[in-house]
Amino acid sequence: MTELRSDFMKMFVERGYMHQCTNIDELDAAFAKEPVTAYIGFDCTARSLHVGSLMQIMILRRLQQAGHKPIVLMGGGTTKVGDPSGKDESRPVITDEMIQENMDGIKKVFEKFITFGDGPTDAIMVNNDDWLSGLGYISFLRDYGRHFSINRMLTFDSVKLRLEREQSLSFLEFNYMILQAYDFVELKKRYNCSLQLGGSDQWGNIVNGTELGRRTNGFDLYGLTTPLLTTSSGAKMGKTAAGAIWLNEDMLSAYDYWQFWRNTEDADVGKFLKLFTELPMDEISRLESLEGAELNEAKKILANECTRLAHGAEAAEAAAETARKTFEMGQTADSLPSTEVPKADLEAGIPAFALFNQIGLAQSSSEARKLIKGGGARLNDEKIADEKLVVSLDHLDAEGRIKLSAGKKRHHLIIPV
């Protein structure tokens, strides 16, 4: 690889987004010459994307900032098939109505990060169901299926994983990689899109698309992937013991989102500042060099910057202030996450473990019991010593609320109604 010339590729490598590229010198030259149109695909399996997709969203934002055109490809068609990449078993089939509902929710995420419109570098959002649903099966197989080697497809990680674990891989899922390759060709024809971006688990599918475009139409297409991201302890990004870290505020409060980033492991602070914020590199170098208690300030800056991008500056400031009051001053802040519970239920009493599960401080009743047994559960800042404790109206504080806590940093208010 020669020295990079384009601003986008320099940034991509410097900030740690780089994993693989089909032809980095040619792609770099294309970025340096003129605006490049690039896309990332997102299937519609939930009403929101979570933090596991945030790196791809940041890349589309960076792409646009560098003067290039992003395409957000919504997988309205491919969601009906299910991507086997990284999966041990088939995804459940969801209805067209559920797919549309999920797509509507996901759209809200992107409006926070990139600008849509009709200008040369404005982003566009398209749905691959527009062309996939109308395909004639026989003609599609004849025109495109012949360019795919079964021998080669069997070597892809998404297929090998299932076969090695003796998990069923349906013929429907086996077709996913063909459809994704076809998406790339179709986007080139319709929008002159020449680059597909994605995580490293998509490398085989992306290469399939570049080769299909060359074989069928003589297109010059490129693929560029990011590393699969885990925390320094090996945990997968986007999921925690409390559940997925959703990007839509109607599925996860801005406060809980802020807390997720504030609780970043020490070894990950510098990496996450590079990937998920727009702070200058020299400032990131300063922050990641901090040690001990000072590193907590870097984590707060990380939390502020990430929350500002996803939820706005006002929400980020409110979350930081709530955290300050709750943890540094020992107060119950009004902006803590809360759940309304019928007063009649509290009059009868609710087992503490069931309430922890109900409000999301534990993923199950058994997990809540373990939390209580381990001394990590608190009621109105007092440790719950008895796993059989029943929470009732007797536990209301002076303001008529009940505060439940899991550990030192996750809190929730119960509001009787």
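**Strand pairing, cores and aromatic contacts**

Leu404 in β14 is the bridge partner of Leu379. The model in which this pairing occurs is predicted. Leu379 falls within strand β11, residues 377-379, which is joined to β14 by three bridges, the two strands running antiparallel. β14 is also antiparallel to strand β15 (residues 410-416), and five bridges join this pair. Within it, Lys403 stands opposite Leu413 in β15. The hairpin of β14 and β15 has three residues between the strands, and Gly407 takes a positive phi near 75 degrees there.

Strand β14, residues 402-406, is mostly covered, with five of its five residues buried. Ile402, Leu404 and Ala406 point one way from the strand, while Lys403 and Ser405 point the other way. In a regular strand, side chains alternate between the two faces of the sheet. In β14 the residues pointing either way are buried, Lys403 and Ser405 included.

An open sheet of six strands is also present, with mixed pairing and the order β1-β6-β5-β2-β3-β4. Its edge strands are β1 and β4 (124-127), each of which pairs on one side only. Strands of a sheet pair through backbone hydrogen bonds, in either a parallel or an antiparallel manner. Strand β2 (residues 37-43) and strand β3 (residues 69-75) run parallel and are joined by seven bridges. One position in this pairing is Tyr39, whose bridge partner in β3 is Ile71.

Helix α2 spans residues 24-33, and its buried residues are Ile24, Leu27, Asp28 and Phe31. These residues lie on the same side of α2, because they cover an arc of only 100 degrees around the axis. An α-helix has 3.6 residues a turn, so residues three or four places apart point the same way. The partners against which the buried residues of α2 pack include three strands of the sheet, β1 (20-21), β5 (195-199) and β6 (222-226), together with the helices α1 (7-14) and α3 (54-65).

In soluble globular proteins, nonpolar side chains tend to be buried together. The largest nonpolar core here has 73 residues. Those with the most contacts inside it are Phe8, Phe110, Leu195, Leu224, Tyr257, Trp261 and Phe276. With residues up to four places away in sequence not counted, Leu224 touches Phe8, Met9, Phe12, Met18, Gln20, Cys21, Leu27, Leu195, Gln196, Leu197 and Gly198. One of these contacts, Leu27, is among the buried residues of α2. Another core, of 29 residues, lies apart from the largest one and has Val159, Met177, Val185 and Leu187 among its members.

The structure holds 13 aromatic pairs. Phe140 and Tyr182 form an edge-to-face pair, because their planes stand at 85 degrees, with the ring centres 5.2 Å apart. This pair links distant parts of the chain: Phe140 belongs to helix α6 (residues 137-143) and Tyr182 to helix α10 (residues 176-191), 42 residues apart. Both rings belong to buried residues, Phe140 having 8% relative accessibility and Tyr182 a relative accessible area of 7%. Trp261 and Phe276 form a tilted aromatic pair, with 5.1 Å from centre to centre and 55 degrees between the planes. This pair also links distant parts of the chain, with Trp261 in helix α12 (residues 254-262) and Phe276 in helix α13 (residues 269-276), 15 residues apart. Trp261 is buried, with a relative accessible area of 0%, and Phe276 counts as buried at 1% relative accessibility. Trp261 and Phe276 belong to one aromatic cluster that also contains Tyr257, Phe260 and Phe272. Tyr257, Trp261 and Phe276 are in turn among the residues with the most contacts inside the largest nonpolar core.

The count of disulfides, which requires cysteine sulfur atoms within 2.5 Å, comes to zero. Cys21 is in no disulfide, and the nearest cysteine sulfur, that of Cys193, is 14 Å away. For Cys193, the closest cysteine sulfur is in turn that of Cys21, and the distance of 14 Å is too far for a bond. Both cysteines are nevertheless buried: Cys21 has 17% relative accessibility, and Cys193 has a relative accessible area of 0%. Cys21 is also one of the residues that Leu224 touches.

Conventions:
Residues are numbered from 1 along each chain as its sequence is written. This is a predicted model: local features need pLDDT of at least 70, side-chain atom pairs count only at pLDDT 80 or more; totals for chains, interfaces and linings use all residues. Side-chain values use heavy atoms; hydrogens and water are left out. Buried means under 20% relative accessible area, exposed over 50%, partly exposed in between (1.4 Å probe, protein chains only). A nonpolar core is a set of buried Ala, Val, Leu, Ile, Met, Phe, Trp, Tyr and Cys residues joined through side-chain atoms within 4.5 Å. Contact means heavy atoms within 4.5 Å. Helices (H or I, at least four residues) and strands (E, at least two) are DSSP runs, numbered from the N terminus. The arc is that of the directions from the helix axis to the C-beta atoms. Two strands pair if DSSP finds at least two bridges between them. Rings of Phe, Tyr and Trp (its six-membered ring) pair if their centres lie within 6.5 Å; planes under 30 degrees apart count as stacked, over 60 as edge-to-face and the rest as tilted.
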